[in-house]
Structure formats: C-alpha cells, structure tokens
Amino acid sequence: MPGPARSRRRFVVHGIVQGVGFRPFVHALATELGLAGAVHNDSGGVVAEVEGTPAAVAAFAARLRTEPPPLAVVERVLETPVPPCGGSGFRIDASARSSADRTLAAPDVATCDDCLAELRDPADRRYRHPFLTCTHCGPRFTITTDLPYDRANTTMAGFPMCAACAREYRDPTDRRFHAQPIACPDCGPRLEFVAPAGEPVTGTEPALAAARRLLAGGGVLAVKGLGGYHLACRAGDDAAVVRLRERKRRGAKPFAVLVRDLATVERLTVVDESAARLLTDRARPIVLLPRRTGAGEVADAVAPGNPDLGVLLPYTPLHHLLLGDGPDGPGPAALVLTSGNLGGEPIVADDDEALTRLAGLADGWLRHDRPIHVPCDDSVLRVVDGEVVPVRRSRGYAPLPVTLPVSVPPTLAVGADLKNACAVGSGRRAWLSGHIGDMDDLATWQAATAAERHLEHLTGVRPQRLVADAHPGYRSRAWAHERAAGRPVDTVQHHHAHVAALMAEHGYDGSTPIVGMAFDGTGYGTDGAVWGGEVLVADYAGFDRFAHLGYVPLAGGDASVHRPYRMALAHLAAAGVAWDDDLPPVAACPGRELVALAHQLRTGLGCVPTSSMGRLFDAVASLAGVRHVVDFEAQAAIELEAQARRAPPGEQGYRFGVVDGEPVVADPGPVVRAVVEDVRAGVPAGVIGARFHAAVADLVVVLARRLRAERGLIAVGLTGGVFQNALLLSATGRALAADGFTVLRHRLVPPNDGGLALGQLLVASLVSETAPGTR
C-alpha cells in the first residue's frame, strides 16, 4: 500500500515523441529514479504515470523536459496529480488511441554512428546488413502508415522479428529497445538485384556485387532508397553521366552527387563550417556548394555551366555499402544520385512501377522488399552568408510542422503548379508535404492526391475549406476544386502568398505590415498581367502594390520562357534600342521568328504584359551572350550568376529608372541600354552580370528607403525564386542590413513556389467563412 511519502503524477507529452526512443528514455529515467508506473504511446503523444517519493517525481518532471532523446522535440507537457496506487517496477504498455489530438510524425533520419560501427564490424551480427537501424536512426515518415507509431503501423509489419531481434526489442538496456524498424539478416528486409533479362540475384553480397559491377562498367543503376528509387551512375564517368542525362531527358539540368565522406566533399567543393554542419546533419540534405575546378571525381557533364555542385553524404546503410570498400574491392568516391523518374514526373516508389517506368532509364535495379508508404524526394538546401536557404523541403524535414504566429481554421492549401507542395493547417500548426513536382501530368496529380490524404490521416486535420493560387489556369487550382466536395475554395494572389509565407516563418502575426520584395518568374496578377518584380506592403489580410518592375510584352508565353533571346528582344524594344545584328539575341533569333516577333511586339498579338524579374535575368543573360535557349527553369540566370561570381563589377554601374506613381514603376530601360553599351564595348559577360546583380540589389534598397521614409516600415522580406540566387541574396541582404533594415530571408520553406502553400494558409485564415474570395 502507498505510504504517506509517495506521490503519483500523470504526464502527457506532445511533440515529436514517437519513433525517437522516447518510451525507452522514460523507462530508463523512471528506473534510475526508482519510480513505479508505466508509459505508452497514444495517437496524441506519449503518456506516462510515475509514482515514488516527491523528490524523485519532481526530478522526473524536470528531466522529462530537459533531457529528451536526441531526435525528440518536446513541445509541451501536461502534468496532472493522480492518487497514489502503489506497486513497483516500471513497464512499457501497449499503445492506445486517443480521440482528439494527434502526435507529430518523425522524419527519416540518417544512419547513426553506432549503427555504422556495427555495419563495418565483422564480428557483429549485423555486419554489412543494408537495413540496420536503431532507436536513433533510420526510416520513419516514409514507412509510417498510421499513428501511434508502432511496428504494426509501419511497412515493417510484414517482417516478424527473429528471436535475437525480439530480445533486443524487449531489453531496456539495449539501443534497439522498442525500435520499430529493428531488423537483421535473419528477419529481413532482403536485398535483390534485377537485370532486364535473367534471374534476380538475391542475398546481400551477391546483389551488391552485381550492382557495383554494373556501375563500374558504366551502367545506370536504379536504387531503392528510403523515399523512392534513385538513378545512379559513377560521377566521374562522363559517358555514363551523358547516357543518364539523355535517358532521363534531363537537358543540362544539374545532377546531385552522393559522396563517400566529408573529405571527398572538400576536394570537390568549397565547404565552410555552416555547410559542413548541414551536410552531416541527421537530415542529410543535398547541399549546393561552390565547385572547385579540376576535381576529377566528378565529370563536367554532371552540372554543366553551373557554379555549384549539389552534394550529399550517405544516409542509409545501403549507400555506405555501395560507396565503401567491399569483398569486390574499393567502391567509387562519388555517384550521381538523381530521383528515379523522367523529368517532371514524381519519384517512383513502387517496385512493380519501377520495373516499367524506369525500364528505359536503368540497366538494372537494386531493390528490397520493405514497402515505401510515402514517396519522398531528397531535400535541397544552400548556405548564404552562413544562413540556410531551403531550395526543396522534403526528406529529413517533412512532415515536421511549422509553428504559426496566428491560429488558422482546418484548411488545405494546394500550392502552385511548379515545385508543388501542399499543406494542411489547423490551430497554430501547418504541415507541408514533401516535394511533389510540377502539376503537369496525371502521375503528379495522383501523387499530390496521395500526399494530401496521408497528411490528413497523420495529422488528424479535416479541412473545412481549401485555398489555391489565383491563376485561373493552374492545374493545382483545378485539383483543389476536384477535391473540394462542396467545401469553399479561396484563391490567393501568388506574390502575396510568397510574402505571407516569409512573415509566417519569422513569427509576424499580421498586426504590422512588412515590405515584401517578391521577385520570381511568373505569377498571375490582379490586373491579368504576369507579375514577378513586385514590391508589396503586405500583411495577411491584404497587400498594397507599392512598386513593380516596368511591364514589357511577354510574347508567346512559354516560347519566351524557353528562349531568353525573345525576352531580350522584348526588353530592347521597350527600351527603344534597335535590333542591330551586332547584338547577341538578334543574332540568336532565326530570321522568320525575328519578323514574327517584331509583329507581335508591335501589335500586341499573342502578348501579355509582364513585370517579371526572372524574365529580366533571362534577357540580360541573352544580351551578354551567356545563354539564348534554356533546358530548364532559370538556367540562363544561373549561368549569368556563375560568370558574375568570378568578375568584379568595377566602378561603372547600372541603375534602374524610378518613375513616381501609384504604383511606382522601376524602369529596366536604363539598365538594358547600359548593358547594350557594355556589350558593344567588349565588356566581359561576367562583369556585365556582376553589374546587373548590383543594380538589382541597389533597386531593392532604393525602394525600401522610400517606404521607410513614407510609411515608417523597416522590415524587408526577400522572397520568390529569384532570391535562390546566392549572389543576389547576399548582396541585397547585406546592403539592406547596412542601411538599418530588418532583413527577412527564408529559412524553413523555400523562397520558390515550394513554400507557397504556407502563405496561402495564412492569407486564407482571414477570409470570411461565409464569403470565400480572392486576397
């Protein structure tokens, strides 16, 4: 019977507390403090009751909050006294389901050092096992089918534990105590190599040897990872890289490179302390880093014309086995590792689908029998001035929620058409899906539907309304209406959503507006024009378009996007510069097209006005002779930045005209005319690029100063895909900070359209329940 000196308390812990070793931690802590009781998962979090001396219970309460496991995130702890009931010993009980709150699912985590030591130890029973994992590492989100997070609610449910694994799973002193994906060579999963013809090669070592032989011979290997299939080849094999590029219809778009270790990364790229931390973080993202010249491990065809190389370190045991030394000798230092799909399609995750969809791309498949429940691409980040800038938020970060500065009703935001990611929000949280892709085919549409359903299921959010981009022709908007089932569908202006996402990241509650510099390639404007060079004074409820880049005609829509020389010619015409043959875009344009384009620009036939800063970057790249036709989005701007990084701008500068009005117009004409003068004077393309970047940064400061003087605003946000440009982001941010402004840059979601859904959620939260509309 309990004595008078005993107390008992109940703790409900919310946050990322499942799949991270929290119950074993609670068990160990309670046992250390001599407490009786039990702990269990439920769909809302972790529930523990402890009983013992008041001092021991108080110590438990404190350490529960301050000493959680490395992968846990404790958001809040609800603590309630309950009557003592006696007993001894502490146990882990079976999971239960609660009716209301849902816990946070954990993201996938890179293999930990302890597991890597076992992988390399011939005396360990998991030596060279491709699926070893423990409480502190391995798959989580991509294998989770339901909550609470137990083995039965993961794709490991079909793999009964062997006796040895079961003992470890039940042993409170073992690192695999209640590790749900626990596995070993005896209980699976199992590796297999499949060639287009012939019998499958089963067993870890035979399958690995076959896959490594294929890679060594210049072949392309489809590898099943945590979130889907990758296509791999030796990064130093130029012919293999070109072959993969042609098969994938990749054009010149860069590939990512999986690199054996940090020392190899440092041979290939310039790595500072911030980048090194990011590369070795448990999320193991792809990190864009400045390339070193002459690094032989990576062929030029991996990232042609690009100043950066996307590199990542191994994050699964299988990656380590592919790259490391084995019975067949040393492995490669680096492999191209790109998502298993054709350009624009979602990543392939199903085994049967991989054999068909990747049949023309891969020469062999290295796969296993653990199903992937949630497809998830690799995340991509870069470091600018020591700060992280997300480019693609996916594996390792999804489905971590973003804490919101204001409460939102249960809402589904469907994002945009490019780089699509959807989001659900409720209360003070938003959950973004992983990267889905471009909404231009049925496969992506289906992938978006599956991702959204899984988000709803894991979070328990049942959206009462939906929100989409205001563009009437966006497929994502049509998808929202198809999913609506009678619920209201609001629309939000594209650049307003960009600014709102940035405000949300930085905790702005909307009571004070900010200055949003929203620069990108395209967004549907409220006047029907194509916006993209916008200066908005915005809160969540609305925005004032204070200034924009001067309109020029966008002739032929995508034709001008894919052929920057057309944008250059449009800007020349708008600036009053004749199309003389000595100018690179004039020479690049075929004669008949030149005549037709002149007619379009003169009459407005097939033209829509655009204020796009992204298209101006394209135009300057063509004027400087850098690139006239692109294979992928922003290629011309990327190559212009690459040359600008290597060239000082010198004393001569460019300057935009500023025309007063409502809104103010930033006239690109003076910049275009100055570029033409430099081209004719033989100024190198890199210098032209450096001067142009400096002019854009100067324009931002000039317009920000006007708003500070007129409205007292000092917070300036830099958003939109143009601000993925490291040179521009750094120059603009430094100049604003030096002038006393508070600079807001993206750090949680991408500045590109991959972060748009977050902003849509916040703006839609202020739309009346009875009057859905456009903001």
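## Ground rules and the big picture

Contact here means heavy atoms within 4.5 Å. With that settled, note that what you're looking at is a predicted model.

The protein's secondary structure adds up to 23 helices and 29 strands. Its radius of gyration is 28 Å, close to the 28 Å that the globule rule gives for 775 residues, so the protein is as compact as a globular protein of that length. Laid along its principal axes, the C-alpha trace spans about 95 × 60 × 50 Å. Of the 775 residues, 59% count as buried. As for who touches whom, take the contacts between residues at least 6 apart in sequence: 71% of them join residues at least 24 apart.

## Where α15 meets α18

Back to that contact cut-off, since this helix pair puts it to work. From α15, the residues Pro 564, Tyr 565, Met 567, Ala 568, His 571 and Leu 572 meet a set in α18 made up of Arg 615, Leu 616, Asp 618, Ala 619, Ser 622 and Leu 623. Sorted by class, the residues of this contact come out as 8 nonpolar, 2 polar and 2 charged.

Now the geometry. Helix α15 covers residues 564–574 and helix α18 covers residues 613–623; their packing angle is about 95°, and their axes are 7 Å apart. Angles of 65 to 115 degrees count as roughly perpendicular, and α15 and α18 are therefore roughly perpendicular to each other.

## Another crossing: α13 and α23

Here's a second helix pair. Helix α13 (residues 494–505) packs against helix α23 (residues 756–764) at an angle of about 90°, with 7 Å between their axes. That makes α13 roughly perpendicular to α23.

On the α13 side, the contact takes in His 494, His 496, Ala 497, His 498, Ala 500, Ala 501, Ala 504 and Glu 505, and these meet Leu 756, Leu 758, Gly 759, Gln 760, Leu 762 and Val 763 in α23. By class, the contact of α13 with α23 has 8 nonpolar, 5 polar and 1 charged residues.

## A mixed four-stranded sheet

Next up is an open sheet of 4 strands, ordered β18-β17-β19-β20, with mixed pairing. At its edges stand β18 (423–432) and β20 (489–492); each has a single partner strand, so one side of each is left without a neighbour in the sheet. Direction ignored, neighbouring strands of this sheet are turned by 60° against each other on average.

The mix shows up strand by strand. β17 and β18 pair in the antiparallel sense over 7 bridges, and Val 408 stands opposite Gly 427 in β18. Strand β17 (residues 401–413) also pairs with strand β19 (residues 465–469), this time in the parallel sense over 3 bridges. Ala 413 has Val 467 in β19 as its bridge partner.

## Helices on that sheet

Two helices deserve a look here. Helix α11 (residues 442–459) lies across β17 and β18 and runs at about 150° to β18. Helix α12 (residues 475–484) packs on the sheet too, touching β19 and β20, and its direction makes about 165° with that of β19.

What about the cover over β18? That strand is mostly covered, with 7 of its 10 residues buried.

## Strand β1 and its two partners

Over near the start of the sequence, strand β1 (residues 7–16) is mostly covered: 7 of its 10 residues are buried. Strand β3 (residues 45–52) runs antiparallel to β1, and 7 bridges join the two. In that pairing, Arg 10 stands opposite Glu 49 in β3.

β1 is also joined to strand β4 (residues 73–82), by 9 bridges, and this pair runs antiparallel as well. Here Arg 8 stands opposite Val 82 in β4.

## Asp 93, a loop residue

Which loop holds Asp 93? The one between β5 (90–92) and α3 (113–119). Buried would mean under 20% relative accessible area and exposed over 50%; Asp 93 has a relative accessible area of 26%, so it is partly exposed.

Leaving out residues up to four places away in sequence, Asp 93 touches Arg 23, Ala 38, Val 39 and His 40. If you want a yardstick across the model, Asp 93 and Leu 322 are 229 residues apart in sequence and 40 Å apart in space, C-alpha to C-alpha.

Key
Residues are numbered from 1 along each chain as its sequence is written. This is a predicted model: local features need pLDDT of at least 70, side-chain atom pairs count only at pLDDT 80 or more; totals for chains, interfaces and linings use all residues. Side-chain values use heavy atoms; hydrogens and water are left out. Two strands pair if DSSP finds at least two bridges between them. Axes are lines fitted to C-alpha atoms, for helices over the stretch in contact, and angles run from 0 to 180 degrees between N-to-C directions. Buried means under 20% relative accessible area, exposed over 50%, partly exposed in between (1.4 Å probe, protein chains only). Angles under 35 degrees count as roughly parallel, over 145 as roughly antiparallel, 65 to 115 as roughly perpendicular and the rest as oblique. Ala, Val, Leu, Ile, Met, Phe, Trp, Tyr, Cys and Pro count as nonpolar, Asp, Glu, Lys and Arg as charged, and the others, Gly among them, as polar. The radius of gyration is taken over C-alpha atoms; the globule rule is 2.2 Å times the number of residues to the power 0.38.
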